[in-house]
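Colleague: I should like to learn how to read the packing of helices and the division of a chain into domains. May we work through an example together?

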Amino acid sequence: MESLTPRPHISARPAAPLTGSIGVPGDKSISHRALMFGALAIGQTRISGLLEGEDVLRTAGAMRALGAEISRDGADWLVAGRGIGGLTEPADVLDMGNSGTAARLLAGILASHDLYAVMTGDASLRKRPMARVIEPLKGTGAQFFARSGNRLPLTIIGTREAMPLTYRLPVASAQVKSAVLLAGLNARGVTEVEEPEPTRDHSENMLRHFGAQVSVERAGKGRLIRLTGQPELRAADVVVPGDPSSAAFPIAAALLVPGSKVTITGAGLNPLRTGLFESLREMGAELTIENARIEGGEPVGDIVAAYTELRAVDVPAERAPSMIDEYPILAVLCAAANGTSRLRGLSELRVKESDRLSATAALLRVNGVQVEIEGDDLIIHGTGSIPGGGLVETHMDHRLAMSALVLGQASKEPARIDDASFIDTSFPGFLTLMRGLGANMVAA
Ligand code: S3P
């Protein structure tokens with residue numbers, strides 16, 4: 001499973017201005033869902049712009065092992081679905097690699113299928129909490145047997161007669177919301193999920209696109225989502241926009257390196273994903289959106305970012321769900337800004353691909369930045385320039401790796417990472433694309 005070959009170290013050095021126009025790979029969240037929903041629909045779903053990153057390829061492998069036919073057709077992907085309740089028992093363990101989204105959403109699907117399945121993942125995923133999905137999903141009647149601490153490997157014995165769930169999420173998590181909704185697809189009756197704050201709504205949007213009945217209403221600060229069970233999901237074509245969470249890295253590099261101006265074309269701009277851009281505007285960033293349009297049911301646009309002397313920011317906890325994956329790169333930008341920034345309410349970062357709260361603090365500290373963690377807040381003392389010179393431990397976490405490489409574009413001394421291999425989980429081609437813009441990232 002884990003490779004014995006040496007991990008590729010990369011050194012990032014201060015760069016000349018970054019310029020150019022690029023597209024980033026497809027949205028990771030939407031790509032997982034397109035494959036899963038396609039596998040549950042009747043007919044053939046065509047997906048264009050699918051992210052061909054490791055995480056999504058794990059989902060493709062798992063859906064194939066469950067009986068869906070999935071193939072590549074030129075640049076598109078085709079999924080011949082099995083219909084709701086139609087997945088078949090996998091002959092072997094399902095290995096979800098590094099992907100929490102794949103594991104948690106699939107747990108929801110498997111709960112309401114009458115089959116036996118075992119799911120595992122890499123060393124990072126095997127540390128991540130699964131109780132957040134196991135607890136609600138048990139209410140369907142499915143059985144779950146996990147390693148201590150509710151970690152993978154996880155055995156799921158799904159049920160033929162799933163009960164529809166009524167569940168209020170204790171934490172704002174699109175993965176848990178989606179797991180409950182997906183279990184509800186094959187339950188008789190209405191599944192209800194209430195979220196304390198709105199989280200990315202790609203599942204709701206795409207379920208409707210495939211013909212399911214989903215209603216959404218406001219509930220306090222959050223939302224109440226209702227799904228009518230056992231719909232006939234019909235195959236539907238999906239156009240995957242560029243991932244705004246991937247766009248964040250070239251945008252940050254452009255903001256950091258004097259003289260830079262970069263355009264990211266066709267990036268997804270779902271308002272439940274754009275908290276980073278709101279925060280960057282508060283920092284004074286020169287950021288504009290051009291050609292705003294709707295593509296495949298999702299808002300999309302071209303983002304233009306140009307070098308800016310940034311000021312510090314205070315990001316409220318309520319914004320976290322709309323930028324949950326962007327804190328490591330925002331922290332790098334705060335380190336280069338003038339003044340003390342406070343990023344609030346980051347408890348969920350502790351259970352990502354790594355403990356991203358402490359690992360982001362360590363990433364900055366090893367590069368000479370003064371940082372504190374106070375409760376669930378990250379405080380960064382920016383001085384307008386980053387010393388650099390550190391070797392960053394990336395803990396099998398793609399976003400830490402890319403954040404450190406962007407930091408090195410603007411720090412006084414080069415910054416290095418201990419392992420570039422996990423970048424491919426979400427952003428295959430990152431180094432080539434960044435080098436094409438003028439970034440200075442070399443094997444070390
Ligand atoms: C995702 C939800 C978020 C996010 C992850 C993708 C999704 O996780 O961090 O990268 O596709 O639903 P949580 O639901 O755990 O916040």
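Modeller: Let us begin with the contact between two helices, bearing in mind that this model is predicted. On the α10 side, Arg356, Ala359, Thr360, Leu363 and Leu364 take part, and they meet His398, Arg399, Leu400, Ser403, Ala404 and Leu407 of α11. Sorted by class, the residues in this contact of α10 with α11 are 6 nonpolar, 3 polar and 2 charged.

Colleague: How does one describe the geometry of such a pair, and what are the values for α10 and α11?

Modeller: In general, two packed helices are described by the angle between their axes and by the distance between those axes. Here helix α10 (residues 356-365) and helix α11 (residues 398-407) have axes that come within 11 Å and cross at roughly 20°. Angles under 35 degrees count as roughly parallel, and α10 and α11 are therefore roughly parallel to each other. Their crossing is right-handed.

Colleague: At what angle do the axes of α9 and α11 cross?

Modeller: The axes of helix α9 (residues 327-336) and α11 cross at roughly 20° and come within 8 Å. That angle makes α9 roughly parallel to α11. The crossing of α9 and α11 is right-handed. From α9, the contact involves Pro328, Ile329 and Val332; from α11, it involves Arg399, Leu400, Ser403, Val406 and Leu407. By class, the contact of α9 with α11 has 6 nonpolar residues, 1 polar and 1 charged.

Colleague: Which residues of α1 and α6 meet, and at what angle do these helices pack?

Modeller: Helix α1 (residues 28-40) packs against helix α6 (residues 202-209) at an angle of about 35°, and their axes are 10 Å apart. The crossing of α1 with α6 is right-handed. Ser29, Ile30, Arg33, Ala34 and Phe37 of α1 meet His202, Ser203, Met206 and Leu207 of α6. This contact of α1 with α6 comprises 5 nonpolar, 3 polar and 1 charged residues.

Colleague: How is the chain divided into domains, and how should one read the interface between domain 1 and domain 2?

Modeller: The size of an interface is often given as the accessible area lost when the parts come together. In this chain, the domain assignment gives domain 1 as 10-26 + 241-443 and domain 2 as 28-239. The C-alpha centres of domain 1 and domain 2 are 29 Å apart. Domain 1 contributes 26 residues to the contact, and domain 2 contributes 28 residues. About 2,300 Å² is buried between domain 1 and domain 2, with carbon and sulfur atoms giving 51% of that area.

Colleague: What should one look for in the backbone itself?

Modeller: Most peptide bonds are trans, and most residues other than glycine have a negative phi. Two places in this model may be read against that background. A cis peptide bond, with omega about 0°, joins Leu152 and Pro153. Pro153 lies in strand β9 (residues 151-157).

Colleague: Where is Gln230 found, and what is the sign of its phi?

Modeller: Gln230 is in the loop between β13 (222-228) and β14 (238-239). Although Gln230 is not a glycine, its phi is positive, at about 50°.

Conventions: Residues numbered from 1 in each chain as written. Predicted model: local features only at pLDDT ≥ 70, side-chain atom pairs only at ≥ 80, totals over all residues. Heavy atoms only, no water. Axes fitted to C-alpha atoms, helices over the stretch in contact; angles between N-to-C directions. Helix = DSSP H or I, 4+ residues; strand = E, 2+ residues; numbered from the N terminus. Parallel < 35°, antiparallel > 145°, perpendicular 65-115°, else oblique. Left-handed = near helix turned anticlockwise from the far one by under 90°. Contact = heavy atoms within 4.5 Å. Nonpolar A, V, L, I, M, F, W, Y, C, P; charged D, E, K, R; others polar. Domains from an automatic or database assignment. Buried area = accessible area lost by both parts, 1.4 Å probe.
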